[in-house]
Amino acid sequence: MLFICMQFTSCEPKYKFNIPDDYAEINLLITTIKKNNLEHKEDFYKRLLAMENIEYQKQFYDAEKEVFKKEMQNAADLEDLQLAMDTQIRFGYLIVLARDTNGNIVNKNSINPKNKDTIVYSIEKYDPISIELLKTVKRVKKTE
């Protein structure tokens, strides 16, 4: 009887673990925007939140991230540190930071159910600690 049951039982696992949620990143961004009341701070946020379909929101976000990556690559190709810093600042509205209770940046992949309640999310461009750090950064001049 066991053999017969084995024939008709699927060998596929019922649950798949460690499969990344395709929408986790966009969901985190949207949640962070709303939680920090940033809906009207950026045209990108207004357009993103006006979309009703999560798939369109993800495509819109991914396209903007792709522009950011290309501009960062351009700065790297030119070996222009100032351009890279300016690009990072300009696209800071796309970057979600996770900080612990001490204000240290935490890798979002290391957050688990035990420590998730101690994590505060913010957008890099509007993060108070990042803003203070930017005030201390001096502009660099490219030397030949």
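**Contacts of Thr118 and the two sides of helix α3**

Leaving aside its neighbours within four places in sequence, Thr118 is in contact with Arg99, Asp100 and Thr101. These contacts belong to a predicted model. Thr118 itself is placed in the loop between β1 (96-99) and β2. One of its partners, Thr101, stands 17 residues away along the chain, yet the C-alpha atoms of Thr118 and Thr101 are separated by 6.1 Å. The side chain of Thr118 also reaches the backbone oxygen of Asn115, at a distance of 2.7 Å. With a relative accessible area of 37%, Thr118 is classed as partly exposed, because that class lies between the limits of 20% for buried and 50% for exposed residues.

Arg99, another partner of Thr118, is found in strand β1. In contrast to the partly exposed Thr118, Arg99 has a relative accessible area of 7% and is therefore buried. A polar atom of the Arg99 side chain lies 2.6 Å from the backbone oxygen of Gly103. When neighbours within four places in sequence are left aside, the contacts of Arg99 include Asn104, Ile105 and Val106. Thr118, Ile119 and Val120 are also in contact with Arg99, as are Asp127, Ile129 and Ser130.

Helix α3 was examined next. This helix comprises residues 43-50, and Phe44, Tyr45 and Leu48 are buried within it. These three residues cover an arc of only 95° around the axis, which means that they are on the same side of α3. On the other side of α3, Asp43, Arg47 and Ala50 are exposed. The buried residues of α3 are covered by elements that include α2 (24-35) and α4 (54-77). Strand β2 (120-123) is also among the elements that cover them. The loop that holds Thr118 is the one between β1 and this strand, β2.

A further feature concerns the surface. Ile89, Leu134 and Val137 make a nonpolar surface patch of about 240 Å². Of these residues, Ile89 is located in helix α5, which spans residues 81-90. The relative accessibility of Ile89 is 41%, so this residue counts as partly exposed. Its value is thus compatible with membership of the patch, because patches are made of residues with over 30% relative accessible area.

Note on methods
Residues are numbered from 1 along each chain as its sequence is written. This is a predicted model: local features need pLDDT of at least 70, side-chain atom pairs count only at pLDDT 80 or more; totals for chains, interfaces and linings use all residues. Side-chain values use heavy atoms; hydrogens and water are left out. Buried means under 20% relative accessible area, exposed over 50%, partly exposed in between (1.4 Å probe, protein chains only). Helices (H or I, at least four residues) and strands (E, at least two) are DSSP runs, numbered from the N terminus. The arc is that of the directions from the helix axis to the C-beta atoms. Contact means heavy atoms within 4.5 Å. Patches are made of residues with over 30% relative accessible area and no salt bridge: like charges are joined within 9 Å, nonpolar side chains (Val, Leu, Ile, Met, Phe, Trp, Tyr) within 5 Å. Accessible areas come from the Shrake-Rupley method with a 1.4 Å probe; for residues, only the protein chains shown count as cover. A salt bridge is a side-chain nitrogen of Lys or Arg within 4 Å of a carboxyl oxygen of Asp or Glu. A polar contact is a pair of N or O atoms within 3.5 Å; within protein, one must be able to donate a hydrogen and the other to accept it, and residues adjacent in sequence count only if both atoms are side-chain atoms.
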